[in-house]
Amino acid sequence: MAVWIQAQQLQGDALHQMQSLYGQHFPIEVRHYLSQWLEGQLWDVIDLENPQEEFKAKRLLDSLIQELQNKAEHQVGEDGFLLKIKLGHYASQARMTAALWSWLVREASNSSSPVGGMMDSMSQKYQQINQAFEELRLLTQDTENDLRKLQHNQEYFIIQYQESLRIQAQLTSLTTLPPADRQLREPTLLSKRATVEAWLTREANTLQKYRLDLAEKHQKSLQLLRKQQTIILDDELIHWKRRQQLAGNGGPPEGGLDILQSWCEKLAETIWQNRQQIRRAEHLRQQLPIPGPIEELLNDLNSTITDIISALVTSTFIIEKQPPQVLKTQTKFAATVRLLVGGKLNVHMNPPQVKATIISEQQAKALLKNENTRNDSSGEILNNNCVMEYHQATGTLSANFRNMSLKRIKRSDRRGAESVTEEKFTILFESQFSVGGNELVFQVKTLSLPVVVIVHGSQDNNATATVLWDNAFAEPGRVPFIVPDKVLWPQLCEALNMKYKAEVQSNRGLSEENLVFLAQKAFSSSSINPDDYRGMTMTWSQFNRESLPGRNFTFWQWFDGVMELTKKHLKPHWNDGAILGFVNKQQAQDMLMSKPNGTFLLRFSDSEIGGITIAWRMVWNLMPYTTKDFSIRSLADRISDLNHLLFLYPDRPKDEVFSKYYTPPLSKAVDGYVKPQIKQVVPEADLIT
């Protein structure tokens, strides 16, 4: 604190230089009121150039925010009231900034675009939102000052009005006095009355003007509030939900919910302050009715502010953790719902209960049209009620459903060729709570991403196809759960690549050559120029209804089989680049034709779901291996067993690529027993030289 005490002794240019160090980024009030705490921290031990120090910096920032909050809460008196608001505002700003940069760092780490450019873009967006909040804060502060001035003037008006009544009472009492006394006192009282009434007339007009000016300022505040709320709810929150849906296909984690909550809390706080001001203005009007348009204006303002806060509360009841989109009956599953403004509106003081219900696509449509669904459901969920809990450390209000289970499902009549794994349901979460001492009661509802219900593991493959198509091609704000029946091939490629990388947990996605191979398989043609595929469309039926020519499985079933096999048994080899994979039989032969005997490559089987085969210069193709085979002996060991395999295409010695994955030799006999060993052989008669 000694440094700050010395700073307060500065004068002239030195004082101005010191003041210039502070501003919106770090207000001088924070430096003053937290001087002792600030000077007691070890700021120098944090290396700003070292990313490993991020945790220390965040912990220090969290402590600063907590100190600000504590200082704000302990302010008393009239001066303390203003300081409490100001310090609380600074704490909110700091919390928002911390959440934003955590989000930016996380987003940047998941982005393939240049980090600096994305940071600049996100920072600019944040600055625009923050500037609007600052403008709202100043407007709200201005209307608060005007409201206090109005109240003061009105109270003085009422005092003068009482004075006029007193003078009138005195004039009335003169009738009981003798004429001489009345003539002596009456002129003075009449003059006083005229003076007071003239003042009251002027002041009444002034008060009416103050009221109208205040109402106009509130209209401006509400217009800016609506605009800001639209940006946050209709743009940012919708984008977050879209990222959440794409994360279901393997996209990067949606992130950013903490910064969204901080924005929504800021909105809630500003809306509530303006609502209270409008109610106080209405109270002043009722206390002193003055004919004019103000009553209608205040009614409109109250209606508007109620609509704004209703939209905020109902839109910020969201699903933080979605239930699984392929949902098997009689299997435990979890989900988390969160009210982004719950902490700010003190909803947790009377914790609401949330109920989960499974409904069909048709019931979801009826619900969004506000049609009476008569509390219909399409099944029974066990453990489907949960009380929302407030988490002090994070400031979040959420309900964590940990042990739900779908006991039964009621299916609707299917349309045309639709199978049970194409039927979409959704989990409806609903709750009711009040804010402001039961001033406003809200019924909130939110729908999960579409889920496909299965009763057996064999249905998982086709159900996943339905979910992938929906997640990839759903449009924001759609009618549940409409998706296009056909999409451009490049759009589907993007979805398949995203899913493949997530399932295989690899940074090595599908190459351009892989995607050309997939297009040839999907469209059953190898004669189309690769550039032509970019303009072609693929229908849902081609994707997962119609079997590939000469096969008993669809394109998706084949692709999903490749993913499953790679995920379970081939992940390291795919990541090493040892598996070409997406190559047909003729291509493999053409590639190997000019290579020395013993050169081989690994390609996914065309004829079997979830199979991989070794193609080599001598034999051309071995029978495909599947998960069942690799549960007995790994791919690397099988390649080691075959002495005829010498070089992995194009010319890499096989041991150089696979030896690190070979199973170590068995130890010597134990207790006189020698453990047998399984080895793969290819009959000599089958070798073609």
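Three exercises with worked solutions follow, on a sheet, a pocket and a cavity of a predicted model.

**Exercise 1**

Determine the strand order of the open four-stranded sheet, state which strands stand at its edges, and say which helix packs on it.

Solution. Begin with the order, which reads β15-β14-β16-β17, the sheet being open and its pairing mixed. Next, consider the ends of that order: β15 (612-616) and β17 (652-653) each have a single partner strand, so one side of each is left without a neighbour in the sheet. The partnership at the β17 end can then be examined residue by residue, since β16 (residues 647-648) pairs with β17 in the antiparallel sense over two bridges. Within this pairing, F647 has P653 of β17 as its bridge partner. Finally, turn to the helix that packs on the sheet, which is α16 (residues 555-575); α16 touches β14 (599-604) and β15, and its direction makes about 135° with that of β14.

**Exercise 2**

Describe the second largest pocket by its volume, by the elements that line it and by the character of its lining residues.

Solution. Start with the volume, which amounts to about 1100 Å³. The lining consists of 34 residues, and those lying nearest the centre of the pocket are I238, K241, L368, T446 and L447. Assigning the lining to secondary structure, one finds that α8 (179-247), α10 (294-315), β1 (317-321), α11 (361-368) and β10 (440-447) each supply at least two residues. Of the elements involved, α8 provides the largest share, with nine residues. As the last step, sort the lining by residue class, which gives 17 nonpolar, 10 polar and seven charged residues.

**Exercise 3**

State how many cavities of 30 Å³ or more a search of the whole structure finds, and then analyse the lining of the second largest cavity.

Solution. The search of the whole structure yields two cavities at the cut-off of 30 Å³ or more. The second largest cavity holds about 60 Å³ of space, and its lining is made up of L150, R211, L214, A215, H218, A281, R285, I294 and L298. Mapping these residues onto the helices shows that α8, α9 (257-287) and α10 are the elements giving two or more residues to this lining. The greatest contribution is that of α8, which gives four residues. Classified by character, the lining of the second largest cavity contains six nonpolar residues, one polar residue and two charged residues. A comparison with the preceding exercise closes the solution: α8 gives the most to the lining of this cavity, and α8 also supplies the largest share of the lining of the second largest pocket.

Key:
Residues are numbered from 1 along each chain as its sequence is written. This is a predicted model: local features need pLDDT of at least 70, side-chain atom pairs count only at pLDDT 80 or more; totals for chains, interfaces and linings use all residues. Side-chain values use heavy atoms; hydrogens and water are left out. Two strands pair if DSSP finds at least two bridges between them. Contact means heavy atoms within 4.5 Å. Axes are lines fitted to C-alpha atoms, for helices over the stretch in contact, and angles run from 0 to 180 degrees between N-to-C directions. On a 1 Å grid over the protein atoms alone, a cavity is a set of points where a 1.4 Å probe fits but cannot get out, and a pocket is an open set with protein on both sides within 12 Å along at least five of seven lines; lining residues have an atom within 4 Å of a point. Grid points are joined across faces, edges and corners, and a volume is the space filled by probe spheres set on the points. Ala, Val, Leu, Ile, Met, Phe, Trp, Tyr, Cys and Pro count as nonpolar, Asp, Glu, Lys and Arg as charged, and the others, Gly among them, as polar.
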